[in-house]
Amino acid sequence: MASLDRRRFLRAAVGTGIGTVYAHRNGEGLLAAELADKPMPTRRLGKIGYEASVFSVGGMSTIMERDKRDEAAAIINRALELGVNYIDTADSYRDGDSEANIGQALATRRKDVFIATKTRIRTDDGIEDDAFEKTCERLQTDWVDLYFMHLSLIHI
């Protein structure tokens, strides 16, 4: 496979995003055929060696009304079909709804994806107050791969 420099990759990615909207709105299946033979680019994630897709699903994109969780699941599953293997969310995204939507979508596919989530809790007492267990419950998993402290520039 030919090497893809950053500029060419970004140009193709933007074009793909526009193409996705165009193909979807016109009911055409062009995008899947065009991308079928091209694997999702990955990068090594830190020192752990995990090969993370250069595109990820952000938890904010999965926040929908509770009666539309199937739509959120469809977005997540389509991303996984296209090679995305990294999902980032936070317990604060609509009071855990993002984590719940992701958990529902990944109920049978947990091992296919690296999940990073965040908490705004800054004390040992807060962490011990079942915050992590509640996150795992919403995500329908026994583990998360990366647990961040969520910082907000508004509070700094």
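This passage describes the salt bridges and the largest nonpolar core of a predicted model.

Charged pairs make a convenient starting point. In general, side chains of opposite charge can pair when their charged atoms come close. The structure holds 5 salt bridges, and three of these are taken up here in turn.

One of them stays inside a helix. E81 is bridged to R78, with 3.3 Å between the closest N and O atoms. Both residues belong to helix α3, which runs over residues 69-81, and they are 3 residues apart, or about one turn of the helix. The two partners can also be placed by their accessibility. E81 counts as exposed because its relative accessibility is 55%, and the cut-off for that class is over 50%. R78, at 34% relative accessibility, counts as partly exposed.

A second bridge joins K118 and D88, whose side chains meet at 2.5 Å, N to O. This pair links distant parts of the chain: K118 sits in strand β5 (residues 114-119) and D88 in strand β4 (residues 86-88), with the two residues 30 apart. Are these charged partners buried or exposed? K118 has a relative accessibility of 9% and so counts as buried. D88 is buried too, because its relative accessible area is 19% and the class takes in values under 20%. The β4–β5 link is thus made by two buried residues, whereas in the α3 pair E81 is exposed and R78 partly exposed.

A third bridge is formed by the side chains of D112 and R109, at 3.4 Å from N to O. D112 is partly exposed, with a relative accessibility of 44%. R109 falls in the partly exposed class as well, at 22%.

Attention now turns to the nonpolar interior. In soluble globular proteins, nonpolar side chains tend to be buried together. The largest nonpolar core here has 15 residues, and the members touching the most others are V57, I76, I87, I102, L106 and I115. Helices α3 and α4 (97-105) each supply at least two residues of this core. The largest share comes from α3, with 4 residues.

I76 offers a closer view of the packing. Which residues does I76 touch, leaving aside those up to four places away in sequence? Its contacts are V57, T62, I87, N101, I102, A105 and L106. Among these, V57, I87, I102 and L106 are also named with I76 as the core members that touch the most others. Helix α3 therefore features in both parts of this account: it carries the E81–R78 bridge and gives the core its largest share of residues.

Definitions and conventions: Residues are numbered from 1 along each chain as its sequence is written. This is a predicted model: local features need pLDDT of at least 70, side-chain atom pairs count only at pLDDT 80 or more; totals for chains, interfaces and linings use all residues. Side-chain values use heavy atoms; hydrogens and water are left out. A salt bridge is a side-chain nitrogen of Lys or Arg within 4 Å of a carboxyl oxygen of Asp or Glu. Buried means under 20% relative accessible area, exposed over 50%, partly exposed in between (1.4 Å probe, protein chains only). A nonpolar core is a set of buried Ala, Val, Leu, Ile, Met, Phe, Trp, Tyr and Cys residues joined through side-chain atoms within 4.5 Å. Contact means heavy atoms within 4.5 Å.
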